Amino acid sequence: MVALTRASVVVTDRSSGGIAPALRVVATSKRQCESGAVKTRAGGRVRATARALAAACALCAGPLPWLDAAEVAAQAPPVYGDPGHGKPVGQDEPSAAPVVTMPELKQFVEAIYPPEAKAQGLEGTVELEIVIGPDGLVREAKVVTPAGHGFDEAALEAARKFTFVPATRDGQPIPARIRHNYLFEIREEAPPPPEPEAPPPPARLEGQIREAEGDDPLPGAEVTVTGGALTGPLRALTDAEGRFAFDDLRAGMYTVRVTAEGRVAREQEEELVAGEATSLTYRLAEPTDDEAFSAVARIPPPPREVTRRTIGKEALTRIAGTRGDALRTVELMPGVARPPLGAGVLIVRGSAPADTEVLFEGVPVPLLYHFGGLTSFINSRMIDSMEFYPGNFSVRYGRKRGGILEVKAAELPRELIGVADLNLVDASVLMQGPISENAEFGIAARRSYFDVIFEAALEEADIATVAAPVYYDYQAMATWRPDNSNKLRLMVLGSSDELALLFQEPSDEDAAVTGDFDVETQFHRAHASWRSKLSDKVDQDVDVSVGKDDIDLGLGEAFDFNLSGIDIFTRAEWRARVTEKVRLIGGIDLFFLPGEYTYIGPPPTGTENDPDSRGGAGLTNRDQITVRDDFVTVQPAAYTEFDINLQPWRVVLGSRVDYYEEIDAFSYDPRGSLHFTLSESTTLKGGIGIFSQPPEFYEAAPELGNPELDPTHTLHVSAGFEQQIGEQVNVGLEGFYKHMYDRVVGTENGVAPYFTNGGEGRVFGSELLVKIEPGGRFFGFLSYTLMRSERRDIGEDWTLFDFDQTHMLTASGVWRMGRGWELGGTFRFFSGNLDTPVIGSFYNVTGGQHSPVYGDVNSQRDPNFHRLDLRIEKLWKFSAWNLALYLDLQNAYNAENPEGQLCSYDFEECENVRGLPILPILGVRGEI
Amino acid sequence: MARSAHVLALDGIAPALRGGALAVDGIAPALRGGALALAVLVVAGCDTDLPRATEIVSMRLLGARVEVDGDETRATPEPGERLRMHIATAFPTLEGNIGDASSMFIGCTAPERFPGGLPICQELIDAALSGAQVDDVLPMVEERKLNCSQLQPPRRYEEPGTALSVQCVANEPVATINLTPNFEASALLILGVVCERGDPFIEPLEPLLFGCDDADGGEALRVQATIAVQQKEADKNHNPGLDALTVLREGQDWEPAPAREDLPEEDNCEGSTTGDDPALHRVVPGAHRITLQYEADAREEFEGEPEDLEITVYTTLGEMERRFTVFEGSDPGENGLLESELDWDPPTDLGEDERGIEYQSRLVRFFITLRDQRGGFAVTERALCLR
């Protein structure tokens with residue numbers, strides 16, 4: 001049981017000549033004051049409410065915490081006129097009446113509860129009249145309404161010790177008389193309320209905006225902060241010294257955007273830490289003209305990975321030679337080799353294409369490009385950015401030992417956008433826009449009409465086109481943010497490529513190549529993602545993707561492969577800030593693929609260094625096996641990663657455990673990286689880790705391969721530095737080494753068990769990347785890789801990997817010329833692809849065809865590859881829409897670029913086959 | 001226009017054939033890459049200057065006819081039987097003479113699974129797996145190389161109790177194999193070389209295995225053959241019959257060519273022929289249509305359906321429209337007759353002799369091979385006088 005006192009105050013204006021109640025406020029407890037649950041018994045002046053509440057609460061707890069000082073300040077002091085009129089005089093006659101303020105209790109004194117009354121459970125209210133002098137001290141106090149039982153004395157004794165802010169008239173202190181109800185109450189003692197969780201100490205974001213040229217402070221710039229736990233954007237203008245500050249922010253990731261008239265806007269991701277002030281200095285540049293790239297320079301936070309190469313939206317669609325296709329810009333990156341003509345695969349640091357994963361919003365997709373690598377599977381405007389990890393990637397990514405290409409979906413706009421693109425290869429449409437205040441949508445579709453050209457080309461050939469090559473893709477997305485802590489995204493996407501030919505007569509090269517030739521690949525996905533902030537310290541991502549894969553390749557009766565499966569991928573990831581300097585990331589994922597397949601054809605062989613497996617021996621000269629089977633691939637995994645930030649050091653340590661049901665094997669991959677910030681513009685970095693990958697499907701499938709195989713592993717080691725030069729130029733240099741072990745290789749002569757884990761490999765080299773970020777009228781890249789990739793099979797010497805390319809150079813730039821003209825160019829130089837010479841042949845007298853005999857594997861190269869691609873675009877801006885006409889000229893100077901050799905029927909004579917000739921692609925694009 | 005894009009064609013579909021393409025997540029780009037490469041090949045593979053497969057410009061091997069002792073029509077020997085493998089040859093001129101040729105063959109058990117490339121004798125594989133050396137298996141091979149001239153008559157070696165044998169033959173390339181009664185494999189492998197001139201040899205540690213010493217510019221033609229062994233009745237196969245084949249030229253019957261000794265002079269055939277000779281037509285340059293007919297019922301049944309029939313027409317002069325003509329087993333033909341046409345485009349310039357005098361006429365020979373794609377083989381010749 002506890003005895004409580006409470007107070008009420010009746011404010012009067014003695015100067016008005018009476019004790020007229022103006023406002024009665026009862027504050028029953030300190031907590032009520034803090035919560036604002038104070039009862040008011042208004043007797044008149046509404047405009048006095050805020051201030052009266054403040055006064056009442058001051059009796060028990062000081063100023064109301066929920067009452068904004070600005071609000072109080074905004075209210076004019078009460079002006080007491082004729083009490084009988086109940087109307088503020090000052091509003092109508094501001095100069096006719098004096099301005100009076102009431103006294104405010106500065107210090108409240110708790111009365112001593114009379115012991116006897118308390119023992120008897122008595123309660124009471126003593127009404128007092130208190131006279132307060134101009135100095136705020138109590139001059140006089142007397143009981144107006146007694147309560148007896150010792151309450152009157154106790155109340156008087158306490159009241160005489162009150163101190164006040166005196167009342168004023170026209171700003172001058174004056175004496176005042178008030179009435180005060182002193183309440184004595186006894187209540188059952190409630191259990192102490194639980195201590196509310198102490199809120200995390202707030203973070204502060206402060207900084208200074210300066211001119212890029214001259215470094216002078218830039219006043220009047222608008223700084224907008226979004227993200228984190230904010231319900232809406234926060235804005236501030238920089239002061240005369242260009243400074244700004246935001247206090248009381250919760251820890252988290254924020255987007256800071258700075259705009260100023262006549263300057264190129266800038267946007268940057270910043271991570272705020274609880275209890276810490278993050279100080280920034282941004283420099284804004286003046287655009288050279290109104291046609292400068294308007295893209296905001298986006299600078300991501302320091303990567304956890306040793307190497308993360310990001311290409312932003314502005315650059316993605318403007319590179320020459322890509323036909324404006326965003327994903328083809330990955331070909332510009334260091335470490336990415338040039339695939340053979342039409343292969344459309346990603347070869348990263350000498351790894352086989354199957355060693356690199358492509359993910360869209362965190363979920364793997366089975367292909368990157370449509371037929372021939374001309375076009376990727378997704379509309380470029382559905383992409384925000386592309387992050388490419390050529391090695392030493394996070395434990396978040398598994399089952400691959402080469403590289404990772406993660407494609408980020410675009411943030412859908414709040415205004416309605418429509419784009420239609422028509423060129424000589426395909427046509428596409430796109431629409432994006434809002435659904436409601438917190439939801440957006442985006443849809444896109446594309447279809448090729450290459451079939452028309454193809455049919456014309458085949459008119460003279462002994463081929464009847466059953467279904468000309470056609471590809472299409474589609475994407476639909478919707479995002480919904482039910483509140484500030486949750487974001488849901490639903491996506492449906494798919495891609496299809498189909499080609500069917502009917503050979504009316506057998507090919508001159510192989511009698512087995514006759515009849516139907518079908519190639520069909522399709523995938524469809526439904527993907528739901530949920531990003532949520534579980535607390536100030538914990539974020540959660542959940543992804544569920546369900547789809548269907550269909551692959552069908554048929555070549556008459558001699559070869560048939562078709563596979564159909566339900567592709568399921570799920571991932572749940574949690575990111576927690578353990579301490580101010582340590583973040584913990586944990587996750588689980590599952591790849592599940594039940595399906596069935598049919599294989600009719602030659603026994604599969606190793607993936608590397610077997611020229612016969614490239615088909616040199618033909619189908620007629622090879623055995624044929626038939627396998628039909630169901631399969632279930634189940635690959636669960638779990639991973640954790642610590643991100644320790646000890647400025648200037650940053651250490652990332654992670655580990656990943658995978659299980660591969662099809663071979664009943666585990667793998668454990670520890671990985672780590674280290675960053676050292678040498679200066680504001682220089683970072684040193686390095687990493688080491690193990691990367692495991694299950695055998696390929698055919699290598700471990702019963703009857704086709706060896707189910708007893710183990711996973712393959714690769715040790716990645718890399719080190720380098722990044723140097724920022726000015727605002728736009730970034731230079732990165734990196735060296736890397738990869739050691740592959742437990743590589744799967746075919747057995748000698750193809751005898752059972754057909755495949756073993758006895759191979760090894762090594763790749764080493766260095767990569768240089770110079771990026772000029774969009775800004776002004778130019779942006780560009782220069783990338784160069786010098787590397788060597790080798791393998792060694794059981795008992796063999798080291799030989800080069802099939803995709804080894806010593807030199808890889810790409811230079812690309814885009815220049816806005818003005819008046820809507822934009823010119824881009826990309827020059828590429830690559831070492832020629834490897835080849836294995838034919839040194840003779842055997843005539844298969846049974847089958848009637850020759851089989852080649854090869855010399856040293858990969859002992860010769862095609863001539864070096866070099867090509868210049870140009871792109872020119874003219875944009876017309878109208879009031880409601882834009883129109884662009886563009887020409888993408890591939891292989892502008894018509895370099896021959898041999899792509900392998902063509903040999904006679906007996907392999908006695910061979911000649912080079914030229915690559916893609918000059919190829920102009922004209923297109924038109926409309927944007928609403 | 002000739003299409004002879006052998007390597008590129010198969011490189012193009014390589015990703016499909018090679019194991020890497022079968023990876024569930026790696027197959028799609030590879031297959032599609034193959035498709036595009038094939039498409040490019042079809043379009044760009046034309047207009048090459050590479051030799052054509054159907055033109056006989058040097059000594060050529062056309063195929064091999066397997067005959068079982070006692071049943072010469074049968075191409076599938078049973079264990080314990082003796083077989084002969086006759087390799088059909090062709091020369092661009094009548095001067096070409098197989099009588100100068102000599103050959104070496106190794107017979108052995110075919111490997112159980114043959115993923116591609118050059119098949120290796122199972123006996124060698126077994127020896128290698130057990131750690132044995134080549135000369136343990138082929139003890140006659142001295143210093144890693146064996147010439148036919150080193151083998152004593154009858155120039156034949158057989159490893160007792162196995163299918164392994166080495167033999168050298170002169171003149172017509174004919175390999176003779178005695179299958180052991182306990183031969184259990186499904187196929188016999190024969191590797192060897194036919195030397196137009198010179199001394200055949202085997203050098204097991206060299207990539208090409210076989211060669212010809214003292215060839216004097218003659219051809220060294222390496223051969224391989226996989227002969228199906230009849231382990232059960234359903235395996236039985238016979239060589240295709242020539243009686244069921246009818247060849248027409250411009251709609252007229254075209255009889256088999258006369259015996260070699262009855263053929264007119266190659267460079268002056270006109271005076272020896274008449275226009276209505278069904279065996280030796282006299283024609284003028286210009287496109288000619290050749291019609292191939294085969295009696296549908298003459299095809300042997302295999303697994304409940306007539307076997308496929310593959311026909312190739314070779315010529316010593318001019319250009320054939322295509323290399324292969326295939327009558328599918330499922331094709332019933334019309335009125336019991338399978339029929340296909342192909343064009344022969346003779347040269348407009350008949351050439352000149354060593355003295356620079358233009359030929360007034362040229363004898364042109366055609367070699368027509370039939371394969372049932374199960375090991376059965378037959379060959380027939382046609383001839384005409386181009387003037």
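# Reading a two-chain predicted model

Me: What does the accessible surface of chain A come to, and what share belongs to carbon and sulfur atoms?

Reply: The total is about 38,200 Å². Carbon and sulfur atoms account for 56% of it. Keep in mind that this is a predicted model.

Me: What are the corresponding figures for chain B?

Reply: Chain B exposes about 15,900 Å². Carbon and sulfur atoms supply 44% of that area.

Me: What does the predictor say about confidence in the complex and in each chain?

Reply: Start with the whole, then go chain by chain. The complex gets an ipTM of 0.90 and a pTM of 0.71. Chain A has a mean pLDDT of 80, with 80% of its residues at 70 or more. Chain B has a mean of 82, and 83% of its residues reach 70 or more.

Me: Which stretches have a pLDDT under 50?

Reply: In chain B, residues 1–37 are below 50, and this stretch still has 137 contacts in the model beyond near neighbours in sequence. Residues 39–46 of chain B also stay under 50, with 19 contacts beyond four places in sequence. In chain A, residues 1–96 stay under 50, with 174 such contacts. Residues 294–301 of chain A do so too, with 21.

Me: How many helices and strands does each chain have?

Reply: Chain A has 9 helices and 55 strands. Chain B has 5 helices and 23 strands.

Me: What do burial and contact separation add for chain A and chain B?

Reply: Take burial, then sequence separation. Of the 928 residues in chain A, 54% are buried. Of the 387 in chain B, 58% are buried. Now the contacts between residues at least 6 apart in sequence. In chain A, 64% of them join residues at least 24 apart. In chain B, the share for residues 24 or more positions apart is 69%.

Me: Is helix α6 of chain A mostly covered or mostly exposed, and which residues are buried?

Reply: Count residue by residue. Helix α6 spans residues 151–159 of chain A, and 7 of its 9 residues are buried, so by the under-20% cut-off it is mostly covered. The buried set is A:F151, A:D152, A:A154, A:A155, A:L156, A:A158 and A:A159.

Me: Which residues form a nonpolar patch on the surface?

Reply: The patch consists of A:L424, A:W876, A:F878, A:W881, A:L885, A:L922 and A:I928. Together they have about 690 Å² of accessible area. Look at A:W881, in the loop between β51 (865–877) and β52 (882–890) of chain A. Its relative accessibility is 37%, so A:W881 counts as partly exposed.

Me: How many salt bridges are there over all chains?

Reply: First the idea. Side chains of opposite charge can pair when their charged atoms come close. The count here is 72 over all chains. Take A:R349 and A:E767, whose side chains meet at 2.8 Å, N to O. A:R349 is in the loop between β22 (347–348) and β23 (357–360), and A:E767 is in strand β42 (residues 755–772), so the pair ties together parts of chain A that are 418 residues apart in sequence. Both A:R349 and A:E767 are buried.

Me: Which residue forms a salt bridge with A:E440?

Reply: A:R414, with the closest N and O atoms 2.7 Å apart. A:E440 sits in strand β29 (residues 439–448), and A:R414 in the loop between β26 (404–409) and β27 (417–423) of chain A. So the pair ties together parts 26 residues apart in sequence. A:E440 is buried, at 2% relative accessibility. A:R414 is partly exposed, at 40%.

Me: Which residues are linked in a network of salt bridges?

Reply: They are A:E361, A:E411, A:K487, A:R489, A:R531 and A:D543.

Me: Where is B:R323, and which residues is it in contact with?

Reply: B:R323 is in the loop between β19 (319–320) and β20 (325–327) of chain B. At 3% relative accessibility, B:R323 counts as buried. Beyond four places in sequence, its contacts in chain A are A:D508, A:E509, A:G848, A:Q849 and A:Y905. Its contacts in chain B include B:A53, B:T54 and B:I311. The side chain of B:R323 also reaches the backbone oxygen of A:G848 at 3.3 Å.

Me: Is B:T176 buried or exposed?

Reply: B:T176 is buried, at 10% relative accessibility. It lies in strand β7 (residues 174–178) of chain B. Outside its near sequence neighbours, B:T176 is in contact with B:R82, B:L83, B:R84, B:R156 and B:Q167.

Note on methods. Residues numbered from 1 in each chain as written. Chains lettered and ligands numbered in written order. Heavy atoms only, no water. Patch = residues over 30% accessible without salt bridge, like charges linked within 9 Å, V, L, I, M, F, W, Y side chains within 5 Å. Areas by Shrake-Rupley, 256 points an atom, 1.4 Å probe, with all protein chains shown as cover. Salt bridge = Lys/Arg side-chain N within 4 Å of Asp/Glu carboxyl O. Helix = DSSP H or I, 4+ residues; strand = E, 2+ residues; numbered from the N terminus. Buried < 20%, exposed > 50% of the residue type's maximum accessible area, 1.4 Å probe, protein only. Contact = heavy atoms within 4.5 Å. Polar contact = N/O pair within 3.5 Å; in protein donor to acceptor, adjacent residues only side chain to side chain. pLDDT = per-residue confidence, 0-100.
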